[in-house]
Amino acid sequence: CFIICGVAMCAYYCMWAGVAVQYKTTDDTPRVIFYAKYLDWILTAPLIVVVLALLANAKAPVMVALVGNALLFVLCMLVGATLVAPYKYMWWVFGMVFYLVLLLILFRAQRKSASSTLRTLAILTFLAWTLYPFLWLLGMEGTGALGLSQQVALTAMVDVLAKVVFSIIVVTSPQEAADEDEEERVMRTRFSSVM
């Protein structure tokens with residue numbers, strides 16, 4: 001969770017400092033592309049879905065599917081941000097397909113778990129991550145209906161929800177600690193029965 005927040009912090013510092021920012025004026029809607037934002041998502045989205053998969057006790061193929069779809073979702077949004085209409089909207093649709101597949105896999109894995117923490121984190125992730133594509137669509141990368149300041153402010157708020165609040169819940173969750181204690185007790189009992 002520290003890495004998730006650390007990567008996001010570095011990305012926001014890069015955006016503030018103007019590192020990896022491109023001004024595109026070749027479209028009807030001039031736009032600013034913050035590549036650091038996409039690098040942030042490429043690194044943190046897989047970490048977030050792996051945390052969720054681990055909490056759900058998901059098997060390796062499920063984790064690979066979650067990570068792969070998260071990466072494809074972000075990469076489609078990145079490619080779309082660099083293109084002009086109508087091509088950018090096709091990439092947005094492709095990204096949404098990968099996002100929907102990711103949600104399907106995530107909620108199937110979550111359904112098998114009784115953990116209320118996992119359920120809370122899955123809902124939080126769903127709500128926050130569902131806002132990203134619509135901010136993309138309404139923001140500078142898409143239609144330009146939102147101004148740059150509005151898009152950046154809303155994206156920052158969603159990032160706080162998706163990364164900082166997510167991390168706080170994971171780190172402070174007493175239920176997960178109780179589950180670890182139970183697992184430790186079971187292992188100790190098995191070990192003592194062998195002796």
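1. In this predicted model, a good place to start is the lining of the second largest cavity, whose residues divide into four nonpolar, two polar and one charged. The residues that line this cavity are Lys37, Trp41, Tyr132, Leu135, Trp136, Gln151 and Thr155, and the elements giving two or more residues to the lining are helix 2, helix 5 and helix 6. Helix 5 provides the largest share of this lining, three residues, and the volume of the second largest cavity is about 30 Å³.

2. The count of cavities of 30 Å³ or more comes to two, and the largest cavity holds about 90 Å³ of space. Its lining is formed by Trp41, Thr44, Ala45, Ile48, Ala70, Phe73, Val74, Trp129, Tyr132 and Lys163, which divide into eight nonpolar residues, one polar and one charged. Helix 2, helix 3 and helix 5 each supply at least two residues of the lining of the largest cavity, and the largest share, four residues, comes from helix 2. A reader comparing the two linings will find Trp41 and Tyr132 named for the largest cavity and named again for the second largest cavity.

3. Lysine 37, which lines the second largest cavity, also takes part in one of the three salt bridges that the structure holds. Its side chain meets that of glutamate 141 in a salt bridge, at 2.7 Å from N to O. Because glutamate 141 lies in the loop between helix 5 (116-138) and helix 6 (148-172), while lysine 37 lies in helix 2 (residues 35-55), the pair ties together parts that are 104 residues apart in sequence. Both partners are buried, since under 20% relative accessible area is the cut-off for that word: glutamate 141 has a relative accessibility of 1%, and lysine 37 has one of 6%.

4. Lysine 163, which is among the residues lining the largest cavity, meets aspartate 40 in a salt bridge at 2.9 Å, N to O. Lysine 163 belongs to helix 6 and aspartate 40 to helix 2, so this pair ties together parts that are 123 residues apart in sequence. The side chain of lysine 163 also meets that of aspartate 159 in a salt bridge, at 3.3 Å, N to O, and these two residues, four apart in helix 6, are separated by about one helical turn. Salt bridges that share partners thus join Asp40, Asp159 and Lys163 into one network. Each member of the network is buried, with a relative accessible area of 3% for lysine 163, 1% for aspartate 40 and 4% for aspartate 159.

5. The largest nonpolar core has 41 residues, and those with the most contacts inside it are Tyr38, Trp129 and Phe166. Helix 2, helix 3 (60-82), helix 4 (87-111), helix 5 and helix 6 each supply at least two residues of this core, with the largest share, nine residues, coming from helix 2. In soluble globular proteins, nonpolar side chains tend to be buried together.

6. Tyrosine 38 deserves a separate look. Leaving aside its neighbours within four places in sequence, tyrosine 38 is in contact with Ile33, Val74, Met77, Leu78, Ala81, Trp136 and Glu141. Among these contacts, Glu141 is the salt-bridge partner of lysine 37, Val74 is in the lining of the largest cavity, and Trp136 is in the lining of the second largest cavity. Apart from the largest core, a second, separate core of six residues includes Met15, Val21, Phe34 and Ala36.

Methods
Residues numbered from 1 in each chain as written. Predicted model: local features only at pLDDT ≥ 70, side-chain atom pairs only at ≥ 80, totals over all residues. Heavy atoms only, no water. Salt bridge = Lys/Arg side-chain N within 4 Å of Asp/Glu carboxyl O. Buried < 20%, exposed > 50% of the residue type's maximum accessible area, 1.4 Å probe, protein only. Core = buried A, V, L, I, M, F, W, Y, C linked by side-chain atoms within 4.5 Å. Contact = heavy atoms within 4.5 Å. 1 Å grid on protein atoms, 1.4 Å probe; cavity = no way out; pocket = protein on both sides within 12 Å on 5 of 7 lines; lining within 4 Å. Points joined across faces, edges and corners; volume = space filled by probe spheres on them. Nonpolar A, V, L, I, M, F, W, Y, C, P; charged D, E, K, R; others polar.
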